[in-house]
Amino acid sequence: MERQNKAPIRQWGSIIYHYRWAVVSIWVFLIVFLGIFALRTPSLLQDTGFTPTGSSSVRGIAFIEEKLGMSAVSLDLVVESTLGRNLTTYEAQAKVWEELAPLRKQPFVQDMYASIVTRKTGEDGIISYTVLLNETTNQALAHFEEIKAAVPEVSGARVYITGNLAVYHDMSSAVRHDIVRAESFGIPAALIILLLLFGTFPAALLPVAVGIGSVAVAMGSLYFVAAQGVPLSNFLPNMVTMLGLAVGIDYALFMVSRFREELGSKSVEAALVATCQTVGRSVWYSGAAVMAGMLALGFIRIPIFQSLALGGMLVVLVSVLAASTLLPALLGILGQRIHSWPIRFRGRNGQRDNSGSVIWIRISEFIMSRPGVIAVVATVALLAAMQPALHMKLGIPSAEVLPPSYDSRYGAELMKKAYDMKEANAIVIAIELDQSYDDPGSIRLMKTYMSRLEQLAGVHHVESYASFLKEVSDDISPELQAEIEKRYAARGNAAIIIVVPEAGETAPATVKLVQDIRQNPPEGMHIEVTGSPAYKLDFMDRIQSGIPYVLVTVLLLTYIVLFAAFRSVLLPLKAVAMNLLSLGASFGLITLVFQKGYGAHLLQVTYTGSVFAILPILIFCVVFGISMDYEVMMLSRIVEAYQKERNNERSTAIGLQRTGGMITGAALILAVVAGAFMFTDNELMKALGLGLSASVLIDVTVVRILLVPSLMKLMGKANWWLPGWLSFLARPEPEASGESSH
C-alpha cells in the first residue's frame, strides 16, 4: 500500500527528467510571449481600487452626477505666489482667472470656479480653483498628461494640480517607477545572497530565473484580464512583483539545495526524483498555505483587496508550477554542472558538508539543552514587541501616500495651509424629493430637515439651496433659481445638503455624525449620505465587516493544509500560534514607525498619527502564508527524519541543522526583495515592505530558530498525536525504521 501511495510522487521527477527539454521549451515560450504583455500591464491599471462600490457614499455620488449634472471627477488647481504677493485681491484674482482662461475652453472641462471653501487668515499668497471634468475617472486618467499640459502657467506664481484624480495619477506613476527601483535593488541583492549560500553561479542563478519567470508569466496573464475591462488596482504590479520574486526564489532555493544534497550520493535522475518527492511535495503544501491567505483577501468587498487576491493567487500558483516543472527540468539538464563555476572554496565540487554546518549543530544542541528557558524568553520578547500594536489607530490617507516631491501631495499641503479643510471634506447629503425643489412644500421640508440636522452633536453648520431664502419665504425667483442650479445645489426633484462637522473627517465625533444622519432619515425624502467622511466610513466598515471571514478562512485553511502535510493535530496549531506571534511583533513595529513616528525620517515616511487601514489585513494575509513556507520546510524535514528515527529530539535537531541555513538565506532574500519597497515613493508599499521584512526576519530568527525547536522538544511525542478516530490518516511506518537520516 505504501508503495502505491508514494509511487506517483516518486515518478514525477522521473517524468520531468525524461521530458526536460520539452518542459523548458514550453516555459521559455510562455515567459517570452507573456513577458511582452507583462510590460504593458501597468499601463492598463488606472484605478487605485479604494472605492467601496455599492455603498451609500458611492450611490450618493452617482445620484449627484445623474440628477444634478455635477461631475464627481474634479481637479484642484492651487496657485502659490513665488513673489510673496497677495493673490486674494480682486485685481490679482482677475489676472489669474484671465491667464487660466485657455483651460476653461478645453473640451474635457465641464466647469471651473474659485474655491468656495472658507479661507484661513494669513495665507494670502495661495488661492485655489476647482475644475470639474466631463469625463469618468478612468477616461481622465488615460490622458492625464494632456490635461496637465493644458493647465497654463501663471506669471509670478506656480500652479499645482491636486485632488483625488491627480493623486491617483501620481500613485500610478509611482507604482511603475517603484517596480523598476525595487527590482533593480532586490534582484541583485537576492543573487548575492544565493551566491553566498551556494557558492556556484548556476545554483544561484536558477532561483532568480524562476522568480523572474514566474512574475513575467503572472503579469502577462493579468494583461488579458485587464484588457477585458475587469477593474484591477494599480497596486497590483507591486504586489505581484514582490510576492512572485519572494515565493518563486524561496521555492527554487529549497529545491536546488535538496537536489545538490541528493546529488552527492545519487544519479541525476534519482536525485531529481528524491527532490520532487520531498521538497517538491512541501512546495505544494506551502503554496496552498500562501494561496489561502490570498484567497481570504477577496472577502473584503473593496476592489483593491479583490485585485490583490487575484494577482496573489495567480503568481503563487505560477511559482509553484514553475518550481515543480521548469526548475526540475533545468536541474535535470544541468546535472553535476550545478557545481560548476564556483566563486569561493566550498570543498570538492563546491558541495557543502551534508551533516550541516557546525554552527547549526551547536545551535540545535544549545536549544535542546534548555528548551523551557528559550521558549519562555522568546515568547515574552514577542509579546513585548506586540504591545504598541494594541494601541494601533487606523486611518485612510489620500495625498499622504505620496512624498512631498509630487505636485499632488504638495498642492494638498498648500490647501490645508490656506483653507478650512473641514468644509472641503464636508458631509454631503444627496436628497431625492417627492416634488420639485422649488415647490413650497419641498422648501419647507428642506428647512425642517436642516433645522433637525443643526441640532445633532458635532455639527458646525448646515447649508443647502434653502439657505438662500429668507426664513419666512417659500418662493424662489427665476434669478435665484438660475444661481442655485449653476451651483449644482438643486435641480428637478434633487438637491444636496452640506453638513460641515466641527471635527476632522475621520474623528470619532464626525463618524458618529454620519451614522446618526443615516440612521434617522427624514420623512418625505430619500437620502444617500456621501462626501469624504461618509466615503471613508464606508471604506472602514467594509474592512471591519470582512475581517472575521478573513481570519476564519486563513486560520482554518492553513490548519487543514498543515494537517494534510504533517498528519498531526498539534503541529498545525503550534504553527498557527507561532505565526500570530511574529505577525503581532511586526504590527508593533509598524505602529511605532507610521503612527508614533519613530524612525520615520529614515524611511522618508510622513507621520500621520495612524496606520493605513488596509495594511494590517494585507500584511496578515501575505505574511501568514509566506511564513508558512519556512514552517513547512522545517517541519517537513523534521517529519522526514522522525519517520526514520522515531526520536523526537534527534529529528528536531536534524531538521534545524538541515534547514537552518537555507531558511535563513530564504528569509534574507525575501527581506531584501520586500525591503526594497521601503525606499519607494508610495507609503502603502513602504509600510508593506517594512511589515513583510520585519515579520519574516522576526519569524526566522526568534520563531523558527528558537521557539519552534524548543517547543518541539518540550512537547515530545505530543507533536505527533493523532486521535484514534483519525488513525486511518496516519502515515505508514517506514520500511526501515532504523535507517539513519542521510
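These legends describe views of one predicted model.

**View 1. Overall fold of the protein.** The predicted chain folds into 25 helices and eleven strands. Its radius of gyration is 30 Å, close to the 27 Å that the globule rule gives for 742 residues, so the protein is as compact as a globular protein of that length. The C-alpha trace spans about 100 × 50 × 45 Å along the principal axes.

**View 2. Interior and contacts.** Of the 742 residues in the protein, 57% are buried. Contacts are counted here from a separation of 6 or more. Among these, 82% join residues 24 or more positions apart.

**View 3. Surface and charge.** The protein exposes about 30,500 Å². Carbon and sulfur atoms supply 61% of that area. Charged side chains number 58 positive and 60 negative. The centres of the two sets lie 14 Å apart.

**View 4. The loop that holds G599.** Which elements flank the loop of G599? The loop runs between α22 and β11. Helix α22 covers residues 570-595, and strand β11 covers 611-612. Is G599 buried or exposed? Neither label fits: G599 has a relative accessible area of 29%, so this glycine counts as partly exposed. The buried class ends at 20%, and the exposed class starts over 50%.

**View 5. G599 and I15.** These two residues are 584 residues apart along the chain. In space, 53 Å separates the C-alpha atom of G599 from that of I15.

Conventions: Residues numbered from 1 in each chain as written. Predicted model: local features only at pLDDT ≥ 70, side-chain atom pairs only at ≥ 80, totals over all residues. Heavy atoms only, no water. Helix = DSSP H or I, 4+ residues; strand = E, 2+ residues; numbered from the N terminus. Rg over C-alpha atoms; globule rule 2.2 N^0.38 Å. Buried < 20%, exposed > 50% of the residue type's maximum accessible area, 1.4 Å probe, protein only. Contact = heavy atoms within 4.5 Å. Areas by Shrake-Rupley, 256 points an atom, 1.4 Å probe, with all protein chains shown as cover. Lys, Arg positive; Asp, Glu negative; His and termini not counted. Charge placed at Lys NZ, Arg CZ, Asp CG, Glu CD.
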